[in-house]
Amino acid sequence: MLSRSYIHMLIGIQPKYSVSEIVVYLKGKSSLSIWDRHTNLKYKYGNRRFCCRRYYVDTVGKNTKKYVNNQ
């Protein structure tokens with residue numbers, strides 16, 4: 001079984017993109033990349049989803065970069 005891991009990212013996006021568009025893009029690309037690099041997982045886990053559909057987004061303040069860097 002895959003262990004549960006969390007990724008904390010601090011990114012800036014242009015206002016013309018919605019947060020959900022960016023999250024779907026990032027999760028899709030990272031999932032494809034992991035499946036490509038670890039082809040043995042396809043046989044072990046089949047067509048199961050690699051990423052959870054849920055995500056958490058928050059706005060940031062001045063001290064957020066320091067917080068993220070210390071995680």
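**Methionine 9 and the helical fold around it**

Methionine 9 counts as exposed because its relative accessibility is 51%, and the cut-off for that class lies at over 50%. Along the chain, methionine 9 is found in the segment that comes before α1, the helix spanning 19–37. Methionine 9 also takes part in a nonpolar patch on the surface, in which it is joined by Ile7, Ile11, Ile13, Tyr17, Val19, Tyr25, Leu26, Tyr55 and Val57, and the members together offer about 980 Å² of accessible area.

These details belong to a predicted model, and the confidence attached to it deserves attention before the fold is read. The mean pLDDT of the protein is 76, with 76% of its residues at 70 or more. Among the parts of the protein, confidence is highest in α1, where the mean is 84, and lowest in helix α2, residues 40–45, where the mean is 71.

As for the secondary structure, the protein contains three helices and zero strands, and reading along the sequence gives the pattern α-α-α. Helix α1 is made of 19 residues, and the distance from its first C-alpha to its last is 27 Å, close to the 27 Å expected at 1.5 Å a residue. Within α1, the residues Ile22, Val23, Ser31 and Trp35 are buried, whereas Val19, Tyr25 and Leu26 are among the residues that form the nonpolar surface patch.

Turning to the protein as a whole, buried residues account for 10% of its 71 residues. Its accessible surface comes to about 7100 Å², and carbon and sulfur atoms supply 53% of that area. When contacts between residues at least 6 apart in sequence are considered, 52% of them join residues that lie at least 24 apart.

Methods:
Residues are numbered from 1 along each chain as its sequence is written. This is a predicted model: local features need pLDDT of at least 70, side-chain atom pairs count only at pLDDT 80 or more; totals for chains, interfaces and linings use all residues. Side-chain values use heavy atoms; hydrogens and water are left out. Patches are made of residues with over 30% relative accessible area and no salt bridge: like charges are joined within 9 Å, nonpolar side chains (Val, Leu, Ile, Met, Phe, Trp, Tyr) within 5 Å. Accessible areas come from the Shrake-Rupley method with a 1.4 Å probe; for residues, only the protein chains shown count as cover. A salt bridge is a side-chain nitrogen of Lys or Arg within 4 Å of a carboxyl oxygen of Asp or Glu. Helices (H or I, at least four residues) and strands (E, at least two) are DSSP runs, numbered from the N terminus. Buried means under 20% relative accessible area, exposed over 50%, partly exposed in between (1.4 Å probe, protein chains only). pLDDT is the predictor's confidence in each residue, from 0 to 100. The expected span of a helix is 1.5 Å times one less than its number of residues. Contact means heavy atoms within 4.5 Å.
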